[in-house]
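Please find below my notes on this entry, set out as numbered points. They follow the display of the sequence and the structure.

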Amino acid sequence: MTDRTHKFKVGQTVDLIQSTFRSAARGHYEIVSLRPTDGENPQYRIKSRSETHERVVGESDLILSAKVKFDL
């Protein structure tokens, strides 16, 4: 897997775009790992401080956070 197809990198802080189709914590998430691309949409494993679990989401569901560093 190469990061040439992924817009974000491991360790970056992102925000998950809110959706009525998913229940997710608000706030910042950290990119934990890059996942294979699902068609045209690169996938990521992300983690919020507010949740005990990680999520797998598509790049189209993420925006770069104004926050520079994700602090645990």
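1. Is Glu54 buried, partly exposed or exposed? Its relative accessibility is 38%, so Glu54 counts as partly exposed. Note that the model is a predicted one, and the points below should be read as statements about that model.

2. Glu54 takes part in a salt bridge with Arg45, where the closest N and O atoms lie 3.6 Å apart. Arg45 has a relative accessible area of 25% and is likewise partly exposed, given that the buried class ends at under 20% and the exposed class begins at over 50%.

3. The structure holds two salt bridges. One of them pairs Glu51 with Arg55, with 2.8 Å between the closest N and O atoms. Here Glu51 is buried, at 12% relative accessible area, and Arg55 is buried too, at 15%.

4. On the fold: five strands make up an open sheet in the order β4-β3-β2-β1-β5, and the pairing is antiparallel. At the edges stand β4 and β5 (62–64), each of which pairs on one side only. On average, neighbouring strands of the sheet are turned by 45° against each other, with direction ignored.

5. Strand β3 (residues 41–48) and strand β4 (residues 54–58) run antiparallel and are joined by five bridges. The connection from β3 to β4 is a hairpin of five residues. Within this pair, Tyr44 stands opposite Val57 of β4.

6. Strand β1 (residues 13–16) is joined to strand β2 (residues 28–38) by three bridges, again in antiparallel fashion. Val14 has Tyr29 in β2 as its bridge partner.

7. What does the largest nonpolar core consist of? It has twelve residues: Phe8, Val14, Leu16, Ala24, Ala25, Tyr29, Ile31, Leu34, Tyr44, Ile46, Val57 and Leu62. The elements giving two or more residues to this core are β1, β2 and β3. Of the elements, β2 gives the most, with three residues. Both bridge partners named in point 6, Val14 and Tyr29, belong to this core, as do Tyr44 and Val57 from point 5.

8. Which residues does Tyr44 touch, leaving aside those up to four places away in sequence? The contacts are His6, Lys7, Phe8, Ile31, Ser33, Leu34, Arg35, Arg55, Val56, Val57, Glu59 and Leu62. Among them, Phe8, Ile31, Leu34, Val57 and Leu62 are members of the largest nonpolar core, while Arg55 is the salt-bridge partner of Glu51.

How values were computed. Residues numbered from 1 in each chain as written. Predicted model: local features only at pLDDT ≥ 70, side-chain atom pairs only at ≥ 80, totals over all residues. Heavy atoms only, no water. Pairing = 2+ DSSP bridges. Helix = DSSP H or I, 4+ residues; strand = E, 2+ residues; numbered from the N terminus. Axes fitted to C-alpha atoms, helices over the stretch in contact; angles between N-to-C directions. Core = buried A, V, L, I, M, F, W, Y, C linked by side-chain atoms within 4.5 Å. Buried < 20%, exposed > 50% of the residue type's maximum accessible area, 1.4 Å probe, protein only. Contact = heavy atoms within 4.5 Å. Salt bridge = Lys/Arg side-chain N within 4 Å of Asp/Glu carboxyl O.
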